[in-house]
Every structure is written in structure tokens, then in C-alpha cells.
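Here are my notes on the model you sent round. Have it open beside you as you read.

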Amino acid sequence: MKRVTVKQSYVKNIKQQNPLILEEAIDEPHKLSEGEIIALHTSQGEFLGQAYAGRQNKGMGWVLTFKQEETIDQSFFKRKLLSAMNKRRSYYQAEETTAFRMFNGEGDGIGGLIIDYFDGYYVIQWYSEGIYAFKDWIIQVFDELDDYQGIYEKKRFDTKGQYVEDDDFVKGTRGEFPLMVKENGMNYAVYLNDGAMVGIFLDQRDVRKALRDRYAKGKHVLNTFSYTGAFSVAAALGGAVKTTSVDLAKRSKSKTVEQFSVNGIDFEQQDIIVMDVFDYFKYAKRKNLQYDVVVLDPPSFARSKKRTFRTAKDYPELIENSIDLLEKNGVIIASTNTASFGMKKFKDMIHRGFQAKQKKYTILEEFSLPGDFAVDKHFKQGNYLKVAVIQVKG
Ligand code: SAH
């Protein structure tokens with residue numbers, strides 16, 4: 001096994017069991033080949049961990065074990081996968097929810113590997129060529145269990161995690177799409193072989209349920225950055241008088257129509273608007289439109305024709321715009337998936353938005369990742385989701 005020396009200033013990080021190996025943490029990272037198993041040592045020769053090499057964003061690979069005596073072989077991968085499956089027994093058995101994350105990267109012991117389950121079908125996301133090198137071992141585990149319909153994959157190889165366009169079918173029986181999955185009794189149509197995204201982000205499951213069960217009845221709901229309208233569907237099923245979904249992607253309209261339709265909701269009673277959210281805010285203000293609930297779930301970074309949105313900089317502005325459109329005692333469901341800051345800083349951003357509008361508020365509840373999105377407590381960035389349900393006072 002190749003020995004790799006960790007630079008002194010990064011030793012502490014790995015000793016604290018942070019599994020991500022940064023490119024700048026090791027000598028001669030360019031000499032590593034994808035999928036190679038390496039032994040990390042200090043310059044004094046002290047053993048630190050065993051890892052695989054895989055270029056992913058700023059990372060060079062992931063530590064698989066901090067034990068010197070453990071062997072990284074097929075049985076290692078099998079143990080991790082079976083343990084992840086066992087932890088999710090209740091998800092496999094749930095009748096009202098048929099889609100969940102079965103394996104969550106470093107949270108389940110193997111960084112760079114994500115596996116979601118959609119009613120009998122698995123979707124494997126490979127975040128580097130390095131992890132892809134272990135594909136046969138990983139697929140073999142599923143074959144031994146032999147209780148799946150089919151396997152699809154998403155290759156997110158290059159260093160920015162961008163998706164490589166391909167036929168994503170791996171093996172088993174090809175699905176018929178849309179495949180219908182259930183989430184707390186709601187229906188969602190998913191497409192496992194139609195690009196990088198399948199139509200639903202499973203990490204918002206608890207938030208969608210909260211919106212349906214506690215915040216939607218009798219309300220007008222504005223869903224911004226709405227994608228396929230998953231939040232709008234939850235709101236409509238929860239008894240919203242009307243939902244308005246806004247997304248600038250043209251495809252979002254037909255996708256949202258579909259999600260409403262598979263839930264027996266008349267989409268013609270809802271507004272589905274293809275527009276830049278910031279233009280919509282201006283339009284709605286001009287027209288004096290008001291909402292009881294505003295859902296904010298932007299991407300971390302988005303470039304449209306007119307502007308670039310960066311969560312870390314622009315979230316307070318989103319809050320301000322939402323306040324302008326809120327009915328008395330209205331509610332904002334503010335979400336971010338930006339990994340570079342935590343809940344405290346997110347609340348600061350929210351606070352700045354309210355301060356600018358000189359409004360008081362209370363945070364009614366907070367959410368982070370649901371239970372199937374296992375997190376590694378030594379890797380804070382993995383715990384990326386932050387959601388606050390905020391009520392304006394007056
Ligand atoms: N809230 C969604 C997921 C959002 S994904 C859900 O729960 O499923 C981010 C979405 O933001 C994408 O669909 C993208 O098209 C949209 N988007 C990015 N920038 C935008 C902008 N300036 N205005 C409107 N939509 C935008």
C-alpha cells in the first residue's frame with residue numbers, strides 16, 4: 001500500500017477523525033491515482049488512517065478507517081453497506097414513505113458515495129472516479145441481497161461534482177418512468193434516468209410534512225425556487241387555498257403540473273410561474289400580492305441572466321423581499337443547503353433581513369437533515385441543511 005505523508009498542519013484535523021483529505025494536506029497529491037488505497041502517516045511515521053484517493057471538489061480522497069489493522073477489501077464495503085441498510089430497517093418497512101437515503105457518504109463510513117432508494121430502485125451517486133473504481137464490489141453487495149428491482153447511477157465525476165450525461169441504467173429491470181414514490185402519504189413522480197436530478201430532494205421530507213400538517217390550511221402559499229413544486233404539493237394537500245410556484249427553469253412548469261396531477265390536485269387552480277424569483281418579488285409588490293406563507297429554498301449559488309445569487313451574501317435580501325409580501329403574522333419557511341456555515345450564522349442572516357425591515361419575529365421550529373441522512377459528527381460540512389420556520393410579529 002502506498003504511504004502518503006500528511007503535512008504537519010493537517011495532522012490534527014485527521015487525528016480528530018475528519019475523514020476528508022484536502023489536496024493541500026498531502027505531499028505530491030498529483031502522484032495518486034483514482035481509487036488507490038493509501039496509508040496516511042505523519043512525517044515522523046505515525047499511522048493516521050487508510051483512505052482511498054478520489055478527486056472531488058477540494059478533496060483528494062476520504063479516510064475509510066482510522067485503524068491500522070483493518071483491511072480495505074470487498075468485505076469492508078459490504079459491512080458498511082449492510083450496516084447502513086440495517087439502520088434503515090424502519091424506512092424499508094414504512095408504507096407511507098417509499099423513498100429515502102440508504103447510504104449517506106461519510107455519514108455511513110464512505111465519503112463520496114451516496115445511494116438513494118426509490119421504491120425498489122437504487123440510485124448510486126459516484127462523486128469521483130476514485131469511488132467509481134469500487135463499483136463492482138458495491139454492486140456485488142446488492143446482487144447478493146437480490147431484492148431490488150433495478151440500479152441506476154449518477155456519475156458526478158469532475159472536480160466540481162458535475163454530472164456526466166449518460167444512460168444511467170446499471171442493472172436489474174429498467175424502471176418505467178415516472179416512477180411513483182410516496183412520502184408521508186403524498187405522491188411524487190420521479191425519473192431515475194433523466195439527468196442529474198430525479199425530481200425530488202429527499203432531505204426536505206420533514207419540512208414538507210410540517211408545511212402540510214401545520215402551516216398550510218386555509219393559506220396562500222408562495223413557493224420560491226420551486227423546482228418540481230414539491231413544497232407546493234405538500235401545501236395544497238395540507239389545505240392551502242392556493243399555491244404559487246416560481247422557478248426560472250422552463251421545465252419546472254410541466255414538472256409541477258405533473259406533481260399536482262399525480263396527487264389529484266387541479267393544477268389550474270394553482271399558479272405556476274416561470275420567472276426569476278427576484279423579478280417575481282418586484283412584480284408581486286407592484287400588484288400588491290400578499291401571502292400567508294413564503295417558502296425560500298434557493299440553491300447555494302445560482303447565476304441567471306441578470307444576477308448572481310450567493311446564499312452567504314444574499315439571504316438577508318430574500319428575507320426582506322419575503323417580509324414585503326407577507327400578510328399579518330405570516331410565516332417564512334427559510335431553508336439553505338449551503339455547507340460553509342452553520343445554523344447560528346444562518347439565523348444571523350435571517351435576523352439581518354428582519355432588522356432591515358424593522359420587524360420582530362419568532363422562530364417557531366428548526367430542521368436539519370432527516371434521520372436517513374446520516375452525518376459524521378467529525379465532519380461538520382456534511383450536516384448542511386438548515387431550515388427555520390419563522391413567524392413575523394404583526
Ligand atoms: N425548493 C425545491 C428545490 C430547489 S432547487 C424543492 O423543494 O424541490 C433550486 C431551483 O432554483 C432550481 O429549480 C432552479 O431552476 C431554481 N433557480 C435558481 N435561480 C433562480 C432564480 N433566480 N429565480 C428562480 N428560480 C431559480
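**Notes on the domains and a few local spots**

1. The chain splits into domain 1 (2-65), domain 2 (74-184) and domain 3 (201-392), with bounds that come from an automatic or database domain assignment. Keep in mind that this is a predicted model, where local features need pLDDT of at least 70 and side-chain atom pairs count only at pLDDT 80 or more, while totals for chains, interfaces and linings use all residues. Residues are numbered from 1 along each chain as its sequence is written, and side-chain values use heavy atoms, with hydrogens and water left out.

2. Have a look at where domain 2 meets domain 3. Their C-alpha centres are 28 Å apart, and 16 residues of domain 2 are in contact with 15 residues of domain 3 (contact means heavy atoms within 4.5 Å). The buried area between these two domains is about 1300 Å², 54% of it from carbon and sulfur atoms; that area is the accessible area (1.4 Å probe) that the two parts lose on being put together, summed over both. Of what domain 2 buries against domain 3, E106, E183 and N184 supply 39%, more than any other three residues.

3. How many salt bridges does the rule find across the interface of domain 2 and domain 3? Just one, counting a side-chain nitrogen of Lys or Arg within 4 Å of a carboxyl oxygen of Asp or Glu. R208 pairs with E183 in a salt bridge, with 2.8 Å between the closest N and O atoms.

4. Next, helix α8 (residues 251-261); helices here are DSSP runs (H or I, at least four residues) and strands likewise (E, at least two), numbered from the N terminus. Its buried residues are S252, K255, T256, V257, E258, Q259 and F260, where buried means under 20% relative accessible area, exposed over 50% and partly exposed in between (1.4 Å probe, protein chains only). Those buried residues of α8 pack against β12 (186-190), α7 (230-237), β14 (242-247) and β15 (271-274).

5. Some backbone spots to check. Most residues other than glycine have a negative phi, and most peptide bonds are trans. The F177 to P178 peptide bond is cis, with omega near 10°, and P178 sits in the loop between β10 (169-172) and β11.

6. E28, not a glycine, has a positive phi of about 50°. You'll find E28 in the loop between β2 (20-22) and β3 (37-41), partly exposed at 43% relative accessibility. D119 is also a non-glycine with a positive phi, about 40°; D119 lies in the loop between β7 and β8 (121-126) and is partly exposed at 36%.
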